[in-house]
Every structure is written in C-alpha cells, then in structure tokens.
Amino acid sequence: MCVSANGKGTGHPQGEQIGKQVQGCFTCSVTRTTYSLMISTTASTADMVTQGKLQINDAEHVEDKNSGRLGCFGWLLVLVSLLFIIPTFPVSFLLCIKIVKEYERAVIFRLGRITDRKPKGPGLFFVLPCTDTFVKVDLRTVSFDIPPQEILTRDSVTVSVDGVVYFRIHCPISSVANVSNAHSSTRLLAQTTLRNVLGTKNLAELLSDREGISLSMQEALDDATDPWGIKVERVEIKDVKLPQQLQRAMAAEAEASREARAKIISAEGEMNASRALKEASLIIAESPSALQLRYLQTLNTIAGEKNSTIIFPLPIDLLQNFMRK
C-alpha cells in the first residue's frame with residue numbers, strides 16, 4: 001500500500017481512510033502548536049506589562065527617595081552658605097530666623113527641593129541664605145462666591161444660579177508643589193462643577209432639592225481638589241434666578257391652582273350646608289313646635305342687635321287660602 005502526499009491511498013480501498021486520518025492528525029497538531037504559541041505570546045506580553053509596571057513603580061519609588069537629596073554639589077553650596085553665616089554672624093542670624101503664625105505653615109525649598117517633606121511652623125524656623133526659599137501657606141478656612149452661571153437644566157429651562165464655597169488647605173506641600181495657584185484653580189473648578197451638576201437636574205429638583213445638590217457638589221469638588229491638598233468643607237446654593245416670563249407663568253399657574261382649590265372647598269361647604277339644612281327641615285317637619293321655637297330664637301337675636309326694624313314672618317299656610325281663590 002502506498003500513501004500519496006495529499007494523504008490519499010493508492011491501490012487499496014483502505015488507503016484513502018488512512019490518508020484522511022493522517023491529514024486530521026497533522027491539522028490537529030498544527031492547531032495545538034498555534035494555540036500554544038498564542039498562549040505563550042499572551043503570557044509573555046502580560047509579563048512584559050507587569051515588568052513595565054514594576055519598573056515604573058520602582059522608578060517612582062526611587063524618585064521619591066531621591067527627591068530630598070541634594071547631591072555632592074548641593075551639599076557643597078550648603079557648606080558655603082554656612083561658612084558665609086559665620087563671619088557675618090549677628091546680621092546673618094537675624095536674616096536666617098523666620099516666624100510663621102499659628103494658622104500658617106512654611107514650605108522650605110533648598111536648592112529647589114522640598115526639605116524634610118513636611119512644612120515648618122508655627123513659630124520660629126531657620127533658613128539658609130542664598131540656598132533656601134520658603135512659601136507661606138494659610139490654613140484658615142477661605143470662602144468665595146461663585147459668580148452667577150447661566151445654566152440649561154435637563155428640561156431645557158435657562159436659569160441663573162450662584163453659590164458660595166468654603167474650603168481650607170490641609171496639606172501645604174501638595175498645595176504648593178502640585179498646583180500653581182490653589183485658590184484660583186478651586187474657584188474655576190467650582191464654576192465648572194456647578195454647571196455640570198445642575199445640568200443633570202430638572203427645574204423642580206433645582207428649586208426643591210438644594211441640600212442634595214450642595215452635597216453632590218461638595219463631594220465632587222472634594223475629590224477633585226484632594227491632590228491639591230485642599231479640603232472642601234461646605235458648598236451652598238445662594239440664589240436661583242428664573243426668567244421673567246417663566247416667573248409670570250409660574251405665578252399664573254399657582255394662582256389658578258389656588259382658585260381651583262378655593263372653588264372646590266366652597267362647593268364642599270355648600271354641599272355640607274345643604275345636607276345640614278335638609279336634616280334640620282326633616283326634624284322641624286316632625287315637630288311643628290320646633291318651628292315656633294326657632295322663630296322666637298330669631299326674634300331674640302334681632303332684638304339683641306338694637307335694630308329699629310323687625311320683620312315678622314308669616315306662615316305660608318295662612319296664604320294658601322288666598323292663593324287658591
């Protein structure tokens with residue numbers, strides 16, 4: 001028996017069956033090889049990504065460790081600065097002593113690097129001339145007004161909304177090193193956050209749920225400004241100004257609803273009064289003397305008001321005979 005290159009037997013009926021089995025085995029082996037290559041490639045890619053992340057993390061860690069180091073040349077400049085202080089001791093000592101208040105902190109830069117990774121203060125601290133500079137940071141709570149913003153609500157109503165934000169700096173180093181101007185950046189971010197939050201609310205929600213809107217704005221601002229070392233303590237919506245046409249339409253709607261409720265209340269009162277009068281008439285019809293008592297009570301009420309005119313009602317039964325004639 002012979003088997004050709006394409007896997008078909010020649011000269012015997014069983015040759016074709018053997019050729020098909022050989023071809024199937026060859027295809028299966030190729031598929032397994034390709035799958036194993038794909039798995040190995042994926043695993044190697046994942047290993048490369050993991051190694052790259054580890055290298056980046058290691059590099060950042062090394063950079064954080066080396067961020068406060070000055071190097072040989074830096075320490076040489078510091079030594080020169082110290083030598084400059086010694087001969088000019090009385091004057092230089094006064095220039096090197098700095099004071100920060102209880103609500104302030106000082107971030108010291110030595111040759112452009114932050115020293116000790118923590119702020120100085122309150123009280124006295126020492127700086128070297130020519131090599132050290134410092135920035136004062138105020139830790140007190142700061143408030144600012146959000147300018148009126150023209151906002152389009154979710155139900156396509158244009159309103160003007162303003163507010164007020166209270167914040168403070170809780171990490172002086174982050175507020176100096178991570179952002180150029182923390183106060184200005186917070187103000188601009190508050191304006192955009194106000195637009196983004198109110199743009200997802202209806203007019204009814206804007207007018208009724210101010211507390212919820214303030215809390216959502218506070219959370220959004222606090223999360224965004226946390227890398228800047230800022231803590232947003234409170235956000236309040238001050239005023240919501242509606243267009244004049246919308247105010248007139250809402251006033252007309254409220255007046256119409258009040259008038260409708262007043263008519264309903266008046267109709268209900270008349271209905272209850274008619275029911276009471278019906279019950280009273282039935283009671284008077286059962287007892288004729290009750291009508292006479294009611295008549296006397298009415299005369300007593302009229303006489304108590306000191307009126308000059310008294311009307312005596314006549315029973316209708318007396319006039320029935322004249323009406324028949």
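Start by selecting R168 and K231: in this predicted model, K231 in β10 is the bridge partner of R168. Keep that pair on screen and add V165, which stands opposite V235 in β10. Both pairs point you to the ladder between β9 and β10, an antiparallel pairing over 10 bridges.

**The β8-β9-β10 sheet**

Now colour β8 (142-152), β9 (158-169) and β10 (230-241). Together they make an open sheet of three strands in the order β8-β9-β10, paired antiparallel. β8 and β10 are the edge strands, each pairing on one side only. Look across the sheet and you'll find neighbouring strands turned by 25° against each other on average, ignoring direction.

Hide everything but β9 for a second, then bring the rest back. How many of the 12 residues of β9 are buried? Nine of them, so β9 is largely enclosed by the rest of the structure.

On its other ladder, β9 pairs with β8 in the antiparallel sense over nine bridges. For a landmark there, pick E150, which stands opposite S160 in β9.

**Around the hairpin turn**

Follow β8 into β9 and you go round a hairpin with five residues between the two strands. Stop at S156, in the loop between β8 and β9. Its phi is near 60°, a positive value in a residue other than glycine. Is S156 buried or exposed? At 59% relative accessibility, S156 counts as exposed.

**Helices on the sheet**

Next, select α5 (182-198) and α7 (210-225). α5 lies across β8, β9 and β10, and runs at about 35° to β8. α7 packs on the sheet too, touching β8, β9 and β10, and its direction makes about 145° with that of β10.

**Into the core**

Show side chains for V159, V161, V165 and L194. Of the 32 residues in the largest nonpolar core, these four touch the most other members. You've already met V165, opposite V235. The elements that each supply at least two residues of this core include β8, β9, β10, α5 and α7, along with β4 (104-110) and α6 (203-208). As general background, nonpolar side chains in soluble globular proteins tend to be buried together.

Centre the view on L194 and list its contacts. Which residues does L194 touch, leaving out those up to four places away in sequence? They are I146, Q149, I151, V161, M217 and I237.

Apart from the largest core lies another one, of five residues; select V100, A106, F125 and V127, which are among them.

**The β5-β4-β7 sheet**

Now move to the other three-stranded open sheet, with the order β5-β4-β7 and antiparallel pairing. β5 (113-114) and β7 (132-138) stand at its edges with a single partner strand each, so one side of each is left without a neighbour in the sheet. Pick out the β4-β7 ladder: the two strands pair antiparallel over seven bridges. A handy pair to label is I108 and F134, since F134 in β7 is the bridge partner of I108.

**Two backbone oddities nearby in the chain**Step into the loop between β4 and β5 and click L111. L111 has a positive phi of about 55° although it is not a glycine. With a relative accessible area of 32%, L111 is partly exposed.

Carry on to the loop between β5 and β6 (123-126), where you'll find P122. Check the peptide bond joining G121 and P122: it is cis, with omega about 0°.

**A look at the cysteines**

Select C96 and C171. C96 counts as buried at 1% relative accessibility, while C171 is partly exposed with a relative accessible area of 25%. How many disulfides does the structure hold? Zero.

**Zoom out**

Finish with the whole protein in cartoon view, where there are 10 helices and 10 strands. Of its 325 residues, 22% count as buried. Switch on the surface: the accessible area comes to about 23,200 Å², and 60% of that belongs to carbon and sulfur atoms. If you plot a contact map, look well off the diagonal: among contacts between residues at least 6 apart in sequence, 63% join residues at least 24 apart.

Methods. Residues are numbered from 1 along each chain as its sequence is written. This is a predicted model: local features need pLDDT of at least 70, side-chain atom pairs count only at pLDDT 80 or more; totals for chains, interfaces and linings use all residues. Side-chain values use heavy atoms; hydrogens and water are left out. A disulfide is a pair of cysteine sulfur atoms within 2.5 Å. Buried means under 20% relative accessible area, exposed over 50%, partly exposed in between (1.4 Å probe, protein chains only). A nonpolar core is a set of buried Ala, Val, Leu, Ile, Met, Phe, Trp, Tyr and Cys residues joined through side-chain atoms within 4.5 Å. Helices (H or I, at least four residues) and strands (E, at least two) are DSSP runs, numbered from the N terminus. Contact means heavy atoms within 4.5 Å. Two strands pair if DSSP finds at least two bridges between them. Accessible areas come from the Shrake-Rupley method with a 1.4 Å probe; for residues, only the protein chains shown count as cover. Axes are lines fitted to C-alpha atoms, for helices over the stretch in contact, and angles run from 0 to 180 degrees between N-to-C directions.
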